[in-house]
Amino acid sequence: MTRGSAFFMQKLSDAELMLLIKKKHRPALEELYDRYIKLVYSFVIKSTKDQEKARVIVQAVFTRVWTTETGYNPEKGLFFNWLLTITRNITIDQHRK
């Protein structure tokens, strides 16, 4: 990603990035990852207390963001709440295994 396109990605809203992600635009996913990795990781590590499990869950969360068919709907709430719901659900699923 060039420096200019990285700057462009930073200017986009979360909803705009998700529209690009649905079109498999990788820089959009990278931008969302950069924005939210600390939030997702801290949520997971508090829940699991295990760094290796946390890494697996974080990867699963961002894979889900990349592959989701329905995606994020800004009319239903804030993006970070949607993302944390995905994180919580995957964390619970991993804990059950």
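Just after helix α2, Lys-24 adopts a positive phi of about 65°, in what is a predicted model. The helix that precedes this residue spans residues 14–22, and it belongs to a chain with five helices and zero strands.

**Around helix α2**
- Within α2, the buried residues include Asp-14 and Leu-17, together with Met-18 and Ile-21.
- These residues lie on the same side of α2, because the arc that they cover around the axis is only 100°.

**Fold and overall dimensions**
- Followed along the sequence, the chain reads α-α-α-α-α.
- The chain is as compact as a globular protein of its length, because its radius of gyration of 14 Å is close to the 13 Å that the globule rule gives for 97 residues.
- Taken along the principal axes, the box that the C-alpha atoms fill is roughly 40 × 30 × 20 Å.

**Burial and contacts**
- Burial, taken as under 20% relative accessible area, applies to 34% of the 97 residues of the chain.
- When contacts between residues at least 6 apart in sequence are considered, 54% of them join residues that are at least 24 apart.

**Surface and charge**
- The area that the chain exposes is about 6700 Å², and carbon and sulfur atoms supply 54% of that area.
- The chain carries 17 positive and 10 negative charges, and the mean positions of these two sets are 3 Å apart.

Key: Residues numbered from 1 in each chain as written. Predicted model: local features only at pLDDT ≥ 70, side-chain atom pairs only at ≥ 80, totals over all residues. Heavy atoms only, no water. Helix = DSSP H or I, 4+ residues; strand = E, 2+ residues; numbered from the N terminus. Rg over C-alpha atoms; globule rule 2.2 N^0.38 Å. Buried < 20%, exposed > 50% of the residue type's maximum accessible area, 1.4 Å probe, protein only. Contact = heavy atoms within 4.5 Å. Areas by Shrake-Rupley, 256 points an atom, 1.4 Å probe, with all protein chains shown as cover. Lys, Arg positive; Asp, Glu negative; His and termini not counted. Charge placed at Lys NZ, Arg CZ, Asp CG, Glu CD. Arc of directions from axis to C-beta.
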